[in-house]
Amino acid sequence: MSNQEEDDVFDDAEEGKVDMLQLELHKEEKKTKAPMAIGRLVLIFACVLIVSAGLAVGIAKIIDANTSDELRDFSEWIVLMFMILGGGAIFAASITGVWGGQRNIPIRLVSPSDSSVVGKGVMVTGYVIEECMDNEVELTIYGKDKEVIHEELVLIKEDGLFYTEVIEPFEGKKKSEHIFIEIWMVSLNSKKIKFAIREKKFEELNIAREGLKIGSVYFFPAIYKDFADKIKGIFDPKRREKGVIEYVKINEERSTNVFFPEKSSDDKFVPFSFDKVGEMRQNALYFDIKRRRRAYYRIILFTMAILYFIYPLITAFA
């Protein structure tokens, strides 16, 4: 951000003015309906199976009645229809494996936004959608040269939110400076398997399962995965009594003051409240649960494919 852009940030600032903090909505945090119960999902797929099988038999009967092909009888047309349905189910199960991409939102910082200008102190807010080790996240604030300004362990609240106010580390500072805020967590819900880890390094990791130990090496241990989220901002000591102004870069050429964002059908910025952060977390959690259900969809679709192929197999070996 150039010096001219930094000066523009303060154009609307007034002594004693109370500024309104805004949140930026991410795609994953848009309004999302609660995931459907697994039992209901299975019932829907069962209905699809029965209805599609009935339609296949009906179509086979129509084709058999209106064709002069003497090489195929009614049962063979049914076999053909069922094999088409089975192949379709296998194809659907295959593409379901890549639907939704990988999980990428177990932790999120939602305030302040990127490139925020802050004075007096910093309020850091966010949420987690997975169980954390020790039920806490690690907060680190870095200066421009990556020196550590502040470190703190922040407890996760019962609703999955975390928040803290950081003021003391900024007292006495006289110059504006860029800051980088990082939140780090160890998830108890996400694990990854390593091929081999030496005993010395093994003791430093968060181990979920030891695996096989041969000598001083552990083979195929499972470790808990860690995740982090980062934001950047500008601390300006001259704004001690002026609150916070959000100045967010839209792209390489343009920035916007989020107190007066450009109006559109899709509101990118909303007023800050812990209720809103909780709602964003709930939407992200629903979104993640739906993506994690890819395994269930594959199992159900492959089961459907097997059921479709039972009649062709019986006919083939009868």
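# Briefing: salt bridges, strands, core and helix packing

The count of salt bridges comes to six. This is a predicted model. One of its salt bridges joins Glu29 to Arg108. Asp288, Arg291 and Arg292 are linked in a salt-bridge network. The largest nonpolar core has 23 residues. An open three-stranded sheet is also present, with antiparallel pairing.

**Salt bridge Glu29–Arg108**

- Glu29 and Arg108 form a salt bridge, and their closest N and O atoms are 3.0 Å apart.
- Glu29 sits in the loop between β1 (22–24) and α2 (38–65), while Arg108 belongs to strand β2, so the pair ties together parts that lie 79 residues apart in sequence.
- Glu29 has a relative accessible area of 2%, so this residue is buried.
- Arg108 is at 10% relative accessibility and therefore also counts as buried.

**Salt-bridge network in α5**

- Helix α5 covers residues 274–292 and holds both Asp288 and Arg291.
- Asp288 and Arg291 are three residues apart, about one turn of the helix.
- Their side chains meet in a salt bridge at 3.7 Å, N to O.
- Arg292 also forms a salt bridge with Asp288, with the closest N and O atoms 3.1 Å apart.
- Here the spacing is four residues, again about one turn of α5.
- Together, Asp288, Arg291 and Arg292 make up a network of salt bridges.
- Asp288 counts as buried, at 1% relative accessibility.
- Arg291 is buried, with a relative accessible area of 4%.
- Arg292 is at 37% relative accessibility, which lies between the 20% and 50% cut-offs, so this residue counts as partly exposed.

**Packing of α5 on α6**

- Two packed helices are described by the angle between their axes and the distance between the axes.
- For α5 and helix α6 (residues 294–317), the angle is about 35° and the axes are 4 Å apart.
- On the α5 side, the contact involves Lys290, Arg291 and Arg292.
- On the α6 side, the residues are Arg294, Ala295 and Tyr297.
- The residues of this contact divide into two nonpolar, no polar and four charged.
- Arg291 and Arg292 thus appear in the contact with α6 and in the salt-bridge network with Asp288.

**Leu285 in α5**

- Leu285 is found in helix α5.
- Leu285 counts as buried because its relative accessibility is 15%, under the 20% cut-off.
- Leaving aside neighbours within four places in sequence, Leu285 is in contact with Ile129 and Arg292.
- Leu285 and Glu130 are 155 residues apart in sequence.
- In space, the C-alpha atoms of Leu285 and Glu130 are 8.7 Å apart.

**Largest nonpolar core**

- Of the 23 residues in this core, Val137, Phe162 and Ile179 touch the most other members.
- Seven strands appear as elements that give two or more residues: β2 (107–111), β4 (122–128), β5 (136–142), β6 (148–155), β7 (161–166), β8 (177–193) and β13 (222–235).
- β8 gives the most, with four residues.

**Strand pairing around β8**

- β5 and β8 pair in the antiparallel sense, over five bridges.
- Within this pairing, Glu138 has Trp184 in β8 as its bridge partner.
- β8 is also joined to β13, by 13 bridges, and these two strands run antiparallel.
- Val186 has Asp226 in β13 as its bridge partner.
- β5, β8 and β13 are among the strands that give two or more residues to the largest nonpolar core.

**Open three-stranded sheet**

- The strand order is β9-β12-β11, and the pairing is antiparallel.
- β9 (196–198) and β11 (212–214) are the edge strands, each pairing on one side only.
- From one strand to the next, the twist averages 25°.
- β11 is joined to β12 (residues 217–219) by three bridges, and the two run antiparallel.
- Leu212 stands opposite Phe219 in β12.

Conventions. Residues are numbered from 1 along each chain as its sequence is written. This is a predicted model: local features need pLDDT of at least 70, side-chain atom pairs count only at pLDDT 80 or more; totals for chains, interfaces and linings use all residues. Side-chain values use heavy atoms; hydrogens and water are left out. Two strands pair if DSSP finds at least two bridges between them. Axes are lines fitted to C-alpha atoms, for helices over the stretch in contact, and angles run from 0 to 180 degrees between N-to-C directions. A nonpolar core is a set of buried Ala, Val, Leu, Ile, Met, Phe, Trp, Tyr and Cys residues joined through side-chain atoms within 4.5 Å. Buried means under 20% relative accessible area, exposed over 50%, partly exposed in between (1.4 Å probe, protein chains only). A salt bridge is a side-chain nitrogen of Lys or Arg within 4 Å of a carboxyl oxygen of Asp or Glu. Contact means heavy atoms within 4.5 Å. Ala, Val, Leu, Ile, Met, Phe, Trp, Tyr, Cys and Pro count as nonpolar, Asp, Glu, Lys and Arg as charged, and the others, Gly among them, as polar.
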